[in-house]
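Visitor: I'd like to learn how to read a few features of a model like this one. Could you walk me through them?

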Amino acid sequence: MKTSIDALREDASRRLRRETLSAAAICIVLVAGGALTVTESLPALSGTTSTSAFLSGAVMGLFAVAAVVTIKNIVDLRRALSDDRALRRLHAKENDELQAHMEREVARTFIQIMPALAVIAIFAGALVSLEAMAAAAATLVFLSVALLVVKLSYKIRLQGEIGDDVE
């Protein structure tokens, strides 16, 4: 039987592998996006110069933020894997009930105000250009579909876990 610290270490190692793959994918997209932008090979950037610069800058900025967050997670996981006390601290921080409750409330509030945010994003895009407005609308449709897919996957996973418990 594994000790609790071994189980924590195994979980952290699995998460570290997943975060490392995410970081690699994000870096590949950043490099490819940068190369396509510099060579002006992206068909979506054939609009006005200001719109093209705005869209490419926004996309590259989002990927850069994702890369920073992912790298921070990798550093935290590596630090936790090298020291048992840091591993326990990370586990306690991630399983803090007050923090989990706050994150659920923030997510719930964000989902509730998402339609208003969509209107604001599309309006702000319209102030820039038709292409920016279309990009904002397409992004919102993509995020809505992604939200539904994530919700459905959790629902299926939870139903599978409940079915396993019944047996």
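Guide: Sure, starting with burial: buried means under 20% relative accessible area, exposed over 50%, and partly exposed in between (1.4 Å probe, protein chains only). Helices (H or I, at least four residues) and strands (E, at least two) are DSSP runs, numbered from the N terminus. This is a predicted model, where local features need pLDDT of at least 70, side-chain atom pairs count only at pLDDT 80 or more, and totals for chains, interfaces and linings use all residues. Residues are numbered from 1 along each chain as its sequence is written, and side-chain values use heavy atoms, leaving out hydrogens and water.

Visitor: How many helices and strands are in the chain?

Guide: There are 5 helices and 0 strands, so to speak an α-α-α-α-α run from the N terminus on. Of the 167 residues, 19% are buried.

Visitor: Which residues of helix α3 are buried?

Guide: First the general idea. An α-helix has 3.6 residues a turn, so residues three or four places apart point the same way. Now the case here: in α3 (residues 84–94), the buried residues are Ala86, Leu87 and Leu90. They sit on the same side of α3, because the arc they cover around the axis is only 105 degrees; that arc is taken from the directions from the helix axis to the C-beta atoms. Over on the other side of α3, Arg85 and Arg89 are exposed.

Visitor: And arginine 15, is that buried or exposed?

Guide: Arginine 15, in helix α1 (residues 4–38), counts as buried because its relative accessible area is 18%. For its partners, contact means heavy atoms within 4.5 Å. Leaving aside residues up to four places away in sequence, arginine 15 touches Leu77 and Glu94. A polar contact is stricter: a pair of N or O atoms within 3.5 Å, where within protein one must be able to donate a hydrogen and the other to accept it, and residues adjacent in sequence count only if both atoms are side-chain atoms. The side chains of arginine 15 and glutamate 94 make one at 2.6 Å.

Visitor: Which residues form the nonpolar patch on the surface?

Guide: Patch members have over 30% relative accessible area and no salt bridge (a side-chain nitrogen of Lys or Arg within 4 Å of a carboxyl oxygen of Asp or Glu). Like charges are joined within 9 Å, nonpolar side chains (Val, Leu, Ile, Met, Phe, Trp, Tyr) within 5 Å. Here Phe110, Ile111, Ile113, Leu117, Ile120 and Leu147 form the patch. Helix α4 (residues 97–128) gives the most, with 5 residues.

Notes. Accessible areas come from the Shrake-Rupley method with a 1.4 Å probe; for residues, only the protein chains shown count as cover.
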